Amino acid sequence: MIKRILCLSLLAVSIGFTSCEKEQVSEQPVSEVAKEGPDVPNHIRKKVADLNFNSKHIVKNDMLLPDGSFLENYLIEGDIAMSEEQMSTMSSKPITDKQYRTYNLVNTPRTVNVIGYTGGSQALTTKQRTALQWSIDNYNALNLGITFTLTFGTNYAPYDIVVYQNKNGQAGGVAGFPSSGNPYKYVQIFSGMEAYSTNTNEHVITHEIGHSVGLRHTDWFSRQSCGQSGESANPDGAVHIPGTPTGYDSTSVMLACFGANEDGEFGPNDEVALNYLY
């Protein structure tokens, strides 16, 4: 995400699952949005719109898992994976401002056990492992009602979250939202992130774990971080977090797009939001 997007290619390339040009990476925002998929049924598009996600940016997705198998779902706003079943469990109550979360959160108090995957082609690189450790340290430094543990290995089945690499050559990552009080299990980091600093990798990992515990994109209503402005969006299903600003927050780690030189740290309003929720 180069000026703040977390899911795929540069805004200049429109990011429909295309890799970023290296020379563009330092100047253009990395977009988390996927292009509209023609194979997305109208009833899915309506569900997405009812939850106030961008219904123009949905693709049918086979999500690669650490063991090489695939999980069928839909990719929304570039880096959010949701199945039709989960869409049906998410509430869509009307609200107005931001920062935002979903109605789906992790039950507390709770220890969330995270594993960084080290096996085969989906193994995290040395840089990604360091970035993951920094990210977990940042979450734990907030003293939330959820505490994160971190280990590295290949036996990911018993863990709440597994962070692993998708060798697709793109920049960004993918995760989903909590379900039944549990965080989303699969946090995918794209191999193109190796071209970025450890801090920027930390940013992307922190962003995707944020989705896994229930945070939405801070600028879901406009995608301003991606160079867009004011897409029509009804505020359904995005719950404003008290104490956070109602205007654009350029410091948030949860903006839809990210820059090439992120510091990987929470913005002050991210900390307010997480402390309010957990």
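Strand 9 (173–174) and strand 10 (186–190) pair in the antiparallel sense over 2 bridges, where pairing requires that DSSP finds at least two bridges between two strands. Helices (H or I, at least four residues) and strands (E, at least two) are DSSP runs, numbered from the N terminus. The model is predicted, with local features requiring pLDDT of at least 70 and side-chain atom pairs counted only at pLDDT 80 or more, while totals for chains, interfaces and linings use all residues. Residues are numbered from 1 along each chain as its sequence is written, and side-chain values use heavy atoms, with hydrogens and water left out.

Within the antiparallel pair, Val-174 stands opposite Gln-188 of strand 10. Strand 10 also pairs with strand 8 (161–166), in the parallel sense and over 5 bridges; here Tyr-164 is the residue opposite Gln-188. Both pairings belong to an open sheet of 5 strands with mixed pairing, in the order 7-6-8-10-9. Strand 7 (146–153) and strand 9 are its edge strands, each pairing on one side only. Strand 7 pairs in the parallel sense with strand 6 (residues 110–117) over 8 bridges, and Val-112 stands opposite Phe-148 in strand 7.

Strand 10 is largely enclosed by the rest of the structure, because 5 of its 5 residues are buried (under 20% relative accessible area with a 1.4 Å probe, protein chains only; exposed is over 50%, partly exposed in between). In a regular strand the side chains alternate between the two faces of the sheet. From strand 10, Tyr-186, Gln-188 and Phe-190 point one way, and Val-187 and Ile-189 point the other way.

Helix 4 (residues 126–141) packs on the sheet and touches strands 6, 7, 8 and 10, contact meaning heavy atoms within 4.5 Å. The direction of helix 4 makes about 165° with that of strand 7; axes are lines fitted to C-alpha atoms, for helices over the stretch in contact, and angles run from 0 to 180 degrees between N-to-C directions. Helix 5 (residues 198–212) lies across strands 7, 8, 9 and 10, at about 155° to strand 10. Of its 15 residues, 13 are buried, so helix 5 is largely enclosed by the rest of the structure. Gly-214, which follows helix 5, has a positive phi near 115°.

Asp-79 lies in the loop between strand 3 (70–76) and strand 4 (80–82) and counts as buried because its relative accessibility is 0%. Its side chain forms polar contacts (N or O atoms within 3.5 Å; within protein, one able to donate a hydrogen and the other to accept it, and residues adjacent in sequence counting only if both atoms are side-chain atoms) with the side chains of His-211, at 3.1 Å, and His-217, at 3.0 Å.

How values were computed. Expected span 1.5 Å × (residues − 1).
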